[in-house]
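Student: I would like a close look at one part of this protein: the sheet and what packs around it. Please walk me through it in one go.

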Amino acid sequence: MQLSLDPKNKLKSFKMLSHGGVLKKSKRKVARPIVPGKITHVVFKSSKAKDNLSFYKNRLLVKSVLQERSKKYFIEILDFVNMGNHLHLKVRFKNPIFFKNFLRTFSALLARKITKARKGFKFGKFWDGLVFTRVLTSSFEMLGLKAYFQANRIERQRGYRKREEYLDNFKNHWKKISVQV
């Protein structure tokens, strides 16, 4: 896929390079943008992942399934954050078919193992929507994603208020840097 982005229209660029998620439910379907070699932000979200079904409570299972599937499909996991009801991944891959297979099989296998669904013991729909993916195209986007992952880790450890304080500090620092450049 050839990337030709208009830097003046950031919203259009975001829509071109992102796919899935709960915000795009019931919208016209388009092909998932896949760019081998580029870093991609991936989010798996389930509102049913609470209590015993929580990804955080089942973190060892999540980690083992993630390692097994990423190894099988040659997906490089650069960063990973488990928020309990959703998972954030920062990945890189070379083969688009392997990446699609990874998304499909990881989500299916994880849902099946967490819910203990099997023949005769159905659980129903587990995921909120399609897996969200976003192709990162600049070092600024990568820096923003790094801060977002760190903010999620802070929220997991110290609460939402501390997360917001961290993001406010990051935004203020970002403004100072962008004015100097």
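**The sheet and its surroundings**

Tutor: Start with the surface. The protein chain exposes about 11,800 Å² of accessible surface, and 56% of that belongs to carbon and sulfur atoms. This is a predicted model. Of the chain's 181 residues, 38% count as buried.

Now the layout. The chain has five helices and five strands. Read from the N terminus, the order is α-β-β-α-β-β-α-β-α-α. Among contacts between residues at least 6 apart in sequence, 70% join residues at least 24 apart.

How far can you trust the model? The mean pLDDT is 87, and 86% of the residues reach 70 or more. Confidence is highest in helix H2, at a mean of 98. It is lowest in helix H1, residues 10–17, at a mean of 56. Over residues 1–12, pLDDT stays under 50. For that stretch the model has 13 contacts beyond four places in sequence.

Next, the sheet itself. It is open and has five strands, in the order E1-E5-E2-E4-E3. The pairing is antiparallel. Strands E1 (18–19) and E3 (76–82) stand at the edges. Each has a single partner strand, so one side of each is left without a neighbour in the sheet. As a general point, strands of a sheet pair through backbone hydrogen bonds, either parallel or antiparallel.

Take the E1 edge. E1 pairs with strand E5, residues 132–135, over two bridges in the antiparallel sense. His 19 has Thr 133 of E5 as its bridge partner.

Two helices pack on this sheet. One is H2, residues 59–72, which touches E3 and strand E4 (86–92). The direction of H2 makes about 165° with that of E3. The other is H4, residues 139–158. H4 touches strand E2 (40–45), E3, E4 and E5. Its direction makes about 35° with that of E3. Both helices therefore touch E3 and E4.

Now the charged side chains. The model holds six salt bridges. In general, side chains of opposite charge can pair when their charged atoms come close. Three of these bridges deserve a look.

In one, Arg 134 meets Glu 141 at 2.5 Å, N to O. Arg 134 falls within the range given for E5, and Glu 141 within the range given for H4. Arg 134 is buried, at 9% relative accessible area. Glu 141 is partly exposed, at 22%. The cut-off for buried is under 20%, so these two partners fall into separate classes.

Another joins Glu 68 and Arg 69, at 2.7 Å, N to O. Both numbers lie within the range of H2. Arg 69 is buried, with a relative accessible area of 11%. Glu 68 is partly exposed, at 36%.

A third joins Glu 155 and Arg 163, with the closest N and O atoms 3.0 Å apart. Shared partners extend the pairing: Glu 155, Arg 163 and Glu 164 form one network of salt bridges. Glu 155 is partly exposed, at 26% relative accessible area. Arg 163 counts as buried, at 9%.

Finally, the loops that lead into and out of H2. The loop between E2 and H2 holds Leu 53. Leaving aside neighbours within four places in sequence, Leu 53 is in contact with Lys 48, Asn 58, Ile 114, Thr 115, Phe 123 and Phe 126. Leu 53 and Asn 85 are 32 residues apart in sequence, yet their C-alpha atoms are 8.8 Å apart in space.

Asp 51 is found in that loop between E2 and H2 too. Its phi is positive, about 50°, although it is not a glycine. Most residues other than glycine have a negative phi. Asp 51 is exposed, with a relative accessible area of 66%.

On the other side of H2, the loop between H2 and E3 holds Phe 74. Phe 74 also has a positive phi, near 55°, and is not a glycine. Phe 74 is exposed, at 61% relative accessible area.

Key. Residues numbered from 1 in each chain as written. Predicted model: local features only at pLDDT ≥ 70, side-chain atom pairs only at ≥ 80, totals over all residues. Heavy atoms only, no water. Helix = DSSP H or I, 4+ residues; strand = E, 2+ residues; numbered from the N terminus. Buried < 20%, exposed > 50% of the residue type's maximum accessible area, 1.4 Å probe, protein only. Contact = heavy atoms within 4.5 Å. Areas by Shrake-Rupley, 256 points an atom, 1.4 Å probe, with all protein chains shown as cover. Pairing = 2+ DSSP bridges. Axes fitted to C-alpha atoms, helices over the stretch in contact; angles between N-to-C directions. Salt bridge = Lys/Arg side-chain N within 4 Å of Asp/Glu carboxyl O. pLDDT = per-residue confidence, 0-100.
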